[in-house]
Amino acid sequence: MGISVDNVSKSFGDFKAVDQVSIEIKTGSLVALLGPSGSGKSTLLRLIAGLEQPDRGRIYIIGRDTTYDSVQNRKIGFVFQHYALFKHLTIRQNIAFGLEIAKQPKNRIKNRVEELLELVQMTGLGDRYPSQLSGGQRQRVALARALALEPQVLLLDEPFGALDAKVRKDLRVWLRNLHDTVHVTTVFVTHDQEEAMEVSDELVVMNKGRVEQVGSPADLYDNPATPFVMSFIGPVNVLPSTAALFQRTGYRIDHSHVFLRPHDVIVELTPDDASVSAIVHRIIHLGWEIQAELTLNDGETFTVYLSREQFDRLDLRPNQQVYVKPKEAKSFAVQSV
């Protein structure tokens, strides 16, 4: 295993930030620690890095117990949200910094820096200063600097959090391609579900200091183990099991509430034996898809997502009557949400 976290806990005063967490991260994989603010994901990353010490449990990196090793002895690269570049040094000097501290030969430093500039698509910009680069470029330089000493593990703490939406999306693709080139075991923290699902091989979903579920993006989306995971991984409607929408479906509903994804609703203009009527309350155009808010006869409201083709075929309008039924739904006890 690339990283093994064994029953690790960490508290700050009375606040339990990480509570008996155990995870295994495969060598060469790219794994996202995903969760809301306060879920413990950044603390767990700092424990792996050695920036915090656990109250209990062990941490292994590439098979070696590093629980109480210094940061320097863990052979990791760490990238923060706000770049942490040296403003007075050029890009080339920033990337070379760790190599110079390690007293690498000058020719080795020069060759490695040029290699990394090419890897992060910054060839020709090595003599610029951080202030002369865009936010996305600065973050790529920070990644290059972290990779300079060829770490066994790369740790990224909200690496795109300070960037605007368009740059974030571009850097997601770039990071995935970079990982497929260098194959360094990589763990990154994010609260952005779309970002985590687009980039990572595996997700570790955290909530209140504990791991809720671990799995591939597709597995967690299709087979959530808890109501928290279903609510956090993608949009969802939460309706009481008594809602009219579920009375003709034949679903076995074991709990008080039903979780229904907006994509998993069939909307038609004519009824069938399994559908119920609803009124279109609001239509929101999101470009590549349409969001429609519907109200059932029993007063329950929910959201559906339609493709442009579906919307055009139905020709939906506010206050229009339609007929709906669920394609897929899951029930959970409401107190667990």
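A pocket, as the word is used here, is an open set of grid points with protein on both sides within 12 Å along at least five of seven lines. The structure searched for such space is a predicted model, and the largest pocket in the model holds about 760 Å³ of space. Its lining is made up of 22 residues. Those nearest the centre of the pocket are Val71, Ile76, Gly77, Phe78 and Leu149.

Three elements each give two or more residues to this lining: the strand β6 (76-79) and the helices α2 (91-101) and α4 (135-147). The largest share comes from β6, which gives four residues. A reader tracing the pocket in the model can begin at Ile76, Gly77 and Phe78, which are among the residues nearest the centre.

The chain around the pocket has nine helices and 18 strands. Its C-alpha atoms fill a box of roughly 75 × 45 × 30 Å along the principal axes. Of the contacts with a separation of 6 or more, 65% are between residues 24 or more positions apart.

Burial and surface come next. The chain has 337 residues, and 50% of them are buried, where buried means under 20% relative accessible area. The accessible surface amounts to about 16200 Å². Carbon and sulfur atoms account for 48% of that surface.

Charge is the last point. The chain carries 38 positive side chains and 41 negative ones. The centres of these two sets lie 7 Å apart.

Technical notes: Residues are numbered from 1 along each chain as its sequence is written. This is a predicted model: local features need pLDDT of at least 70, side-chain atom pairs count only at pLDDT 80 or more; totals for chains, interfaces and linings use all residues. Side-chain values use heavy atoms; hydrogens and water are left out. Buried means under 20% relative accessible area, exposed over 50%, partly exposed in between (1.4 Å probe, protein chains only). Contact means heavy atoms within 4.5 Å. Accessible areas come from the Shrake-Rupley method with a 1.4 Å probe; for residues, only the protein chains shown count as cover. Lys and Arg count as positive and Asp and Glu as negative; His and the chain ends are not counted. The place of a charge is taken as NZ of Lys, CZ of Arg, CG of Asp or CD of Glu. On a 1 Å grid over the protein atoms alone, a cavity is a set of points where a 1.4 Å probe fits but cannot get out, and a pocket is an open set with protein on both sides within 12 Å along at least five of seven lines; lining residues have an atom within 4 Å of a point. Grid points are joined across faces, edges and corners, and a volume is the space filled by probe spheres set on the points.
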